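Thank you all for coming; I would like to walk you through one structure this morning, going slowly from its strands to its core and then to its rings. Please have the sequence and the model open as I speak.

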Amino acid sequence: MEKTLDDAHQGRLTKDGIRIHEAGDFAGMHKAGHLAAEILDRIADHIVPGQTTGELDRLITDMVEAAGATSATIGYKGYKHASCISVNHVVCHGIPGEKTLKDGDILNIDVTVIVDGWFGDTSRMYVAGKLSRKAERLIQVTHDALFKGIEAVKPGNTFGDIGHAIQTHVERHRMSVVRDFCGHGLGRVFHAPPNVLHYGRPGTGPVLEEGMFFTIEPMVNLGRPETKVLPDDWTAVTRDKSLSAQFEHSIGVTADGFDIFTLSPAGRFHPTY
Ligand code: MF3
Ligand code: CO
Ligand code: CO
């Protein structure tokens, strides 16, 4: 049987159902990832006490549209916004709305855009006003945990190696890794195999291969790891009301390591540097 042109350009699936992309596919991911990261750069100046999360989302919606791109989240499972904005003890999937930011609030903004059919998914932390010492510590540990995970990405390592690197770093600092949400494969789709766990044992899970595209997006709590989803069916919060932080990059596995698609064009991924 002849392959159709479409199949010929889709690469192959591993036994775990993980898509192996082709060399040319990295460019598409870079374009989508670049836009998502640029939007997170440009929203930074708007994060001040008194601002509402709904207004931040409107600005993001306009930026996606002005770029000629599509929001991956508007219409996704009934979600109506171009971003998730998760403030303080909200772990993820915070819905933008009337909530007004106050001095010292920390927030994660998560944006996913589609450019030429490719998905770019990234999130980072911000502060409205002055960052408290304990929030700064949480954000630093979460940021560093993401990069420990990314540094474990190379062909031959496993997804368990990524999770283990993240978990070890977080628990060394007496904080906890959220178990209820995970990273995910992506590419021409938003969410695909595998589930990328942010905890685990070395050498377990699928083996990484060149051409895999996925997110790593650890959520870290100052208190206990348990979460619950509010009656709006989206907003996930820490059960103990402790502060939570998250960073997310979309990455690809290369011949000898990783390629981050969602690096900040402005070099501003962390709220303090
Ligand atoms: N961007 C989120 C992720 O990292 C998913 C958000 S789905 C939404 O996977 F519908 F809540 F926006
Ligand atoms: Co994601
Ligand atoms: Co995301």
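Val177 has Val220, in strand 12, as its bridge partner, and strand 12 (residues 219–221) pairs with strand 8 in the antiparallel sense over two bridges, where strands count as paired if DSSP finds at least two bridges between them. When I number helices and strands, I mean DSSP runs counted from the N terminus, with helices (H or I) of at least four residues and strands (E) of at least two.

Before going on, I should say that this is a predicted model, in which local features need pLDDT of at least 70 and side-chain atom pairs count only at pLDDT 80 or more, while totals for chains, interfaces and linings use all residues. Residues are numbered from 1 along each chain as its sequence is written, chains are lettered from A and ligands numbered from 1 in the order in which they are written, and side-chain values use heavy atoms, leaving out hydrogens and water.

Returning to the strands, three of them form an open antiparallel sheet in the order 8-12-15, with strand 8 (176–177) and strand 15 (244–246) at the edges, each pairing on one side only.

Which helix lies across strand 12 and strand 15? That is helix 4, which runs at about 35 degrees to strand 15, the angle being taken from 0 to 180 degrees between N-to-C directions of axes fitted to C-alpha atoms, for helices over the stretch in contact, and contact meaning heavy atoms within 4.5 Å.

Now to the largest nonpolar core, which has 35 residues, with Ile106, Ile162, Phe214 and Ile216 making the most contacts inside it. Such a core is a set of buried Ala, Val, Leu, Ile, Met, Phe, Trp, Tyr and Cys residues joined through side-chain atoms within 4.5 Å, and buried means under 20% relative accessible area, with a 1.4 Å probe and protein chains only. Helix 4 gives the largest share of this core, seven residues. Ile216 touches, among others, Leu146 and Ile150.

Finally, the rings: the whole structure holds ten aromatic pairs, and in one of them Phe147 and Phe269 meet edge-to-face, at 6.2 Å centre to centre and 85 degrees between the planes. Rings of Phe, Tyr and Trp (its six-membered ring) pair if their centres lie within 6.5 Å, with planes under 30 degrees apart called stacked, over 60 edge-to-face and the rest tilted. Phe147 is in helix 4 and Phe269 in the segment after strand 17 (258–260), 122 residues apart.

Terms used:
Buried means under 20% relative accessible area, exposed over 50%, partly exposed in between (1.4 Å probe, protein chains only). Lists of a residue's contacts leave out its neighbours within four places in sequence.
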